[in-house]
There are 2 protein chains.
Amino acid sequence: MTQSSSQRAITQLRQLIFSGALPAGSDHLESELAERLNMSRTPVREAALMLESQGLLEMRPRKGVRILPVSAGDMREIYEVLTELECLSAERAARHSVKESDLAALARSIEDMDVALRAGDLEQWAQADEGFHSELVRLGGNSRAINIAGMMQDQVRRARLVTLHMRPVPSQSNQDHRGVLEAIRRGDAEAARSIHKNHRDVAQKLILALLEKHRLHLL
Amino acid sequence: MTQSSSQRAITQLRQLIFSGALPAGSDHLESELAERLNMSRTPVREAALMLESQGLLEMRPRKGVRILPVSAGDMREIYEVLTELECLSAERAARHSVKESDLAALARSIEDMDVALRAGDLEQWAQADEGFHSELVRLGGNSRAINIAGMMQDQVRRARLVTLHMRPVPSQSNQDHRGVLEAIRRGDAEAARSIHKNHRDVAQKLILALLEKHRLHLL
DNA sequence: TCGCACTTTAACGTATACATTAAATTTCAC
DNA sequence: GTGAAATTTAATGTATACGTTAAAGTGCGA
């Protein structure tokens with residue numbers, strides 16, 4: 001239960017970054033962060049190294065830890081990788097995950113999105129959408145894909161802080177989700193992949209257009 | 001020029017792992033590794049954390065650092081991810097990399113493979129093959145994909161220590177490589193992806209069959 | 001001999017100390 | 001006043017010290 005300081009540092013730094021308390025582009029000395037988290041520099045350094053390897057920050061000698069901004073170009077890269085891994089997962093899920101119980105979480109996320117949209121609650125929708133996508137990857141059963149997609153999803157979440165309220169309401173997006181779910185249910189790997197690919201491509205174009213139009217760097 | 005001890009530790013530990021000097025499945029105390037590398041535990045720990053995040057080893061409290069074996073199941077996961085990222089890269093390369101100079105390295109790798117095969121030098125062939133695949137990903141221009149594919153390639157290299165001399169001579173593999181190169185050259189993204197996908201799927205099936213047949217865990 | 005409580009060991013996780021050196025500041029000649 | 005050299009500062013990277021605690025070892029009664 002009691003977790004190590006390093007682990008706490010990772011968790012807390014992530015929270016600080018995702019909440020915007022450590023804004024993109026800002027610099028922070030290791031000693032400042034250590035004081036802030038009530039621990040010595042050692043676990044803070046270890047945590048920073050991990051987060052650096054995950055692309056959330058950059059350690060620059062003598063300049064402190066810089067929280068990395070996410071540019072439109074970065075988001076393009078991230079969406080490209082994420083799309084491939086999710087499509088792989090959709091295909092794999094369709095190929096072997098036949099048990100209906102495995103699909104409950106997916107179905108639930110779809111319902112949650114419907115509910116959230118009817119209530120006009122975008123935050124709720126975003127959370128359910130993230131749930132759908134991460135569950136999809138989980139069903140694919142490839143642990144490397146799961147880890148990598150998780151990292152990419154972290155960045156998508158940061159971008160979503162900005163894009164969520166700029167984009168049109170994603171009212172037809174759930175049709176795709178249902179299509180993917182049905183394809184997996186009937187074991188149609190080709191369809192699962194192609195429907196999801198199309199789903200991601202549409203979303204990607206939309207979000208990237210928004211970001212480039214507004215020349216945004218993001219939290 | 002003078003690099004940090006942490007960096008050296010990463011480089012040297014990688015060499016020790018890839019050379020088999022630290023065999024898969026073996027355990028090593030942080031203090032042993034520190035002595036071996038002539039440095040204190042601190043940079044060794046930092047290096048081990050990085051290598052752990054890359055899937056090369058595992059840190060187990062009080063049991064030391066364990067060099068992770070790569071099972072057939074692991075290789076399946078690794079090939080799946082690598083295939084997706086390489087296909088993405090082939091497609092992207094075809095879409096934007098038109099300059100002939102960009103393709104020189106690819107063409108060179110293909111020639112090197114031909115030469116190596118004629119000479120019956122499998123090691124040489126493997127090196128050129130790795131060069132082709134990594135250059136392909138580089139041409140895709142997605143820095144995240146490049147990093148991730150690099151990590152996956154690290155594991156493929158370890159597996160190849162075992163599989164290289166068990167597999168049939170890859171005499172027709174270069175046809176695929178040429179096909180991909182030509183597709184990129186003429187900007188045919190669909191073909192680049194599908195030819196490469198087929199290339200990878202064939203190789204993957206072959207290697208996985210070998211591994212499963214011999215119930216191998218690998219260096 | 002076996003099993004269990006107790007003691008000892010030692011590996012890790014973290015804190016702290018310290019050497020190095022990039023950056024900032026000051027000094028000083030002109 | 002300006003620019004370069006010298007000095008000081010301070011943040012990092014690494015070494016070391018130390019407390020905690022899982023695991024190994026020991027002793028002893030049955």
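Helices, which must hold at least four residues, are DSSP runs numbered from the N terminus, and Gln15(B) is found in helix H1 of chain B. The structure used in these exercises is a predicted model.

**Exercise 1. Two residues of chain B**

Decide whether Gln15(B) is buried or exposed, decide whether Arg200(B) is buried or exposed, and state how many residues apart in sequence the two are.

*Solution.* Start with the cut-offs, since a residue is called buried under 20% relative accessible area and exposed over 50%. Gln15(B), which is found in helix H1 of chain B, has a relative accessibility of 52% and therefore counts as exposed. Arg200(B) has its place in helix H9 of chain B, residues 189-213, and with a relative accessible area of 7% Arg200(B) is buried. Next, look at the surroundings of Arg200(B): leaving out residues up to four places away in sequence, Arg200(B) touches Tyr79(B), Leu82(B), Thr83(B), Glu86(B), His133(B) and Gln153(B). Finally, compare sequence with space: Gln15(B) and Arg200(B) are 185 residues apart in sequence, and their C-alpha atoms are 27 Å apart in space.

**Exercise 2. Salt bridges within a chain**

Find which parts of chain B are tied together by the salt bridge between Asp154(B) and Arg14(B), and which parts by the salt bridge between Arg60(B) and Asp27(B); then find which parts of chain A are tied together by Arg160(A) and Glu130(A).

*Solution.* Begin with the general idea that side chains of opposite charge can pair when their charged atoms come close.

Step one concerns Asp154(B), which forms a salt bridge with Arg14(B), the closest N and O atoms being 2.7 Å apart. Because Asp154(B) lies in helix H7 (residues 143-163) and Arg14(B) in helix H1 (residues 5-19) of chain B, the pair ties together parts that are 140 residues apart in sequence. Asp154(B) is buried, at a relative accessible area of 7%, whereas Arg14(B), at 22%, is partly exposed.

Step two turns to Arg60(B) and Asp27(B), whose side chains meet in a salt bridge of 3.5 Å, N to O. Here Arg60(B) belongs to strand E2 (residues 57-60) and Asp27(B) to strand E1 (residues 27-28) of chain B, so parts that are 33 residues apart in sequence are tied together. Arg60(B) is partly exposed, with a relative accessible area of 25%, and Asp27(B), at 34%, also counts as partly exposed.

Step three moves to chain A, where Arg160(A) forms a salt bridge with Glu130(A), with 3.7 Å between the closest N and O atoms. Since Arg160(A) lies in helix H7 and Glu130(A) in helix H6 (residues 122-140) of chain A, this pair ties together parts that are 30 residues apart in sequence. Arg160(A) is buried, with a relative accessible area of 13%, and Glu130(A) is buried, with 18%. Both residues belong to a network of salt bridges that links Arg14(A), Asp129(A), Glu130(A), Asp154(A), Arg157(A) and Arg160(A). Over all chains, the count comes to 52 salt bridges.

**Exercise 3. The interface of the two chains**

Describe how much area chain A and chain B bury between them, how many salt bridges cross their interface, and which helix gives the largest share of the side of chain A that touches chain B.

*Solution.* First consider the area: chain A and chain B bury about 2,300 Å² between them, and 51% of it is on carbon and sulfur atoms. Glu77(A), Glu84(A) and Arg144(A) supply 27% of the area that chain A buries against chain B, which is more than any other three residues supply. The contact takes 24 residues from chain A and 23 residues from chain B.

Then consider the pairs, for 10 salt bridges are found across the interface of chain A and chain B. One of the salt bridges joins Glu46(B) to Arg45(A), with the closest N and O atoms 2.8 Å apart. Between the chains there are also 16 residue pairs in polar contact.

Last, ask where the side of chain A that touches chain B comes from: helix H3 (41-53), helix H4 (72-96) and helix H7 (143-163) of chain A each supply at least two residues. The largest share, 10 residues, comes from H4(A). By class, this side of chain A has 9 nonpolar, 5 polar and 10 charged residues.

**Exercise 4. The relation between the copies**

State by what turn chain A can be laid on chain B, and which residue of chain A comes closest to the rotation axis.

*Solution.* A turn of 180 degrees, with a shift of 0.0 Å along the axis, lays chain A on chain B with an RMSD of 0.0 Å. The two copies are therefore related as by a two-fold rotation axis. Of the residues of chain A, Glu84(A) comes closest to this axis, its C-alpha lying at 3.0 Å. The same surface serves both copies, as 96% of the contact residues of chain A recur in chain B.

Notes:
Residues are numbered from 1 along each chain as its sequence is written. Chains are lettered from A and ligands numbered from 1 in the order in which they are written. This is a predicted model: local features need pLDDT of at least 70, side-chain atom pairs count only at pLDDT 80 or more; totals for chains, interfaces and linings use all residues. Side-chain values use heavy atoms; hydrogens and water are left out. Buried means under 20% relative accessible area, exposed over 50%, partly exposed in between (1.4 Å probe, protein chains only). Contact means heavy atoms within 4.5 Å. Buried area is the accessible area (1.4 Å probe) that two parts lose on being put together, summed over both. A salt bridge is a side-chain nitrogen of Lys or Arg within 4 Å of a carboxyl oxygen of Asp or Glu. A polar contact is a pair of N or O atoms within 3.5 Å; within protein, one must be able to donate a hydrogen and the other to accept it, and residues adjacent in sequence count only if both atoms are side-chain atoms. Ala, Val, Leu, Ile, Met, Phe, Trp, Tyr, Cys and Pro count as nonpolar, Asp, Glu, Lys and Arg as charged, and the others, Gly among them, as polar. Copies are superposed by least squares on the C-alpha atoms of residues with pLDDT of at least 70 in both.
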